[in-house]
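Hi there,

Here is the structure I promised to pass on. Have a look at it first, and my notes follow below.

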Amino acid sequence: MNLALILDTTIQGVSMGLIDLSSPSKGYLWKEAHLKKFGSAQSISRLFKKAMDSIQSKPEAISRIVISNGPGSFTGIKIGLSWASGFAQGLKGGCYFQALSSLESAAHEQFLNASKKKTHPEGFRLVFLAGSTKTHGFVTVIDQYSASTQLFEIKSEDFKNLLHYKEKCTYLVLANVWPEFELFKQQNINELNIEYISLTDEETSQLVLDGMARKAFEALNDDLEKNVLAPNFMRESTAEERLKRKVGINGI
């Protein structure tokens, strides 16, 4: 088997899956999630051991780690990337990394699901927003005709700027951390051609994992690198922002 470990720690907790890259038709060999707010760091190793035991395999059988590098939980991103880097360094031959945006993975997966079911009006756009902090988040927009993706950062006070997408579109909220969401829902849920969907953590986790697995099957190890992972789509922590301001003011 050509095993790949799928790992997401960006939404909440940990979601993990195992796939055989040589057999796409099999789907997941194993998958499970720990979606509690605390204990993510410990849960990754516990879930991984459970995964290996379930398929009676060893860590050396992992040839690739497919991991989300944001956007999402600041701490979660760092926990996942740190674990993956440490795990790879512990293998004799190392392993390949495939770092993917959790937001784009979920967006493409939902786009494919909606297209198959034909549940949306023609010309719809899907807008996904994941709050990375209480004031900042990220948005990705997929256009049905071109399937092109735009990814950009947004502040909660600028949420109203999303209203220009309201014609023939679906708002799918992956992380409902802003009060602006509820206000927007109340004002626009009855507007023509608008569908507002708020997913649970479990549903979001599954969507992200499925999207990452799909992209994993499409990529070859020869196209990837054995390198140290870095976070993406992630803001600085509050402490880092304060330090930067202090350095700027004092000229240290």
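Let me start with a small puzzle: which residue in β5 does V66 stand opposite? Keep in mind as you look that this is a predicted model. The residue facing V66 is Q98.

That pair belongs to a wider pattern around strand β4. The strand covers residues 62-68, and 7 of its 7 residues are buried, so β4 is largely enclosed by the rest of the structure. On one pairing, β4 runs parallel to strand β5 (residues 96-100), with 5 bridges between them. Besides V66, you can pick out I67, whose bridge partner in β5 is A99. β4 also pairs with strand β1 (residues 3-8), again in the parallel sense and over 5 bridges. There, L3 has I62 of β4 as its bridge partner. If you follow the chain from β4 through helix α2 to β5, you trace a β-α-β unit that is right-handed.

Helix α2 leads on to something you may enjoy probing, the second largest pocket. As a general reminder, rolling a probe the size of a water molecule over the atoms shows where empty space is left. The second largest pocket holds about 270 Å³ of space. Helix α2 (residues 74-90) is the element that gives the most to its lining, with 3 residues. The full lining consists of T9, I11, Q12, G13, K37, F38, G39, S40, S73, T75, G76 and I79. By character, these lining residues split into 8 polar, 3 nonpolar and 1 charged.

Next, a residue to look up: S15, which sits in strand β2 (residues 14-20). Is S15 buried or exposed? Its relative accessibility is 2%, and buried means under 20%, so S15 counts as buried. You might also check S15 against L47: the two are 32 residues apart along the chain, and their C-alpha atoms are separated by 8.8 Å.

Last comes helix α5 (residues 201-218), where a quick geometry check works out well. Its 18 residues, at 1.5 Å a residue, should span 26 Å, and the end C-alpha atoms are 26 Å apart, so the two values agree. The buried residues of α5 are T204, S205, L207, V208, L209, G211, M212, A213 and A216. When you view them, recall that an α-helix has 3.6 residues a turn, so residues three or four places apart point the same way.

Happy exploring, and do write back with your thoughts!

Best wishes

Methods:
Residues are numbered from 1 along each chain as its sequence is written. This is a predicted model: local features need pLDDT of at least 70, side-chain atom pairs count only at pLDDT 80 or more; totals for chains, interfaces and linings use all residues. Side-chain values use heavy atoms; hydrogens and water are left out. On a 1 Å grid over the protein atoms alone, a cavity is a set of points where a 1.4 Å probe fits but cannot get out, and a pocket is an open set with protein on both sides within 12 Å along at least five of seven lines; lining residues have an atom within 4 Å of a point. Grid points are joined across faces, edges and corners, and a volume is the space filled by probe spheres set on the points. Helices (H or I, at least four residues) and strands (E, at least two) are DSSP runs, numbered from the N terminus. Ala, Val, Leu, Ile, Met, Phe, Trp, Tyr, Cys and Pro count as nonpolar, Asp, Glu, Lys and Arg as charged, and the others, Gly among them, as polar. Buried means under 20% relative accessible area, exposed over 50%, partly exposed in between (1.4 Å probe, protein chains only). Two strands pair if DSSP finds at least two bridges between them. A crossover is right-handed if, with the strands pointing away from the viewer, the path from the first strand over the helix to the second runs clockwise. The expected span of a helix is 1.5 Å times one less than its number of residues.
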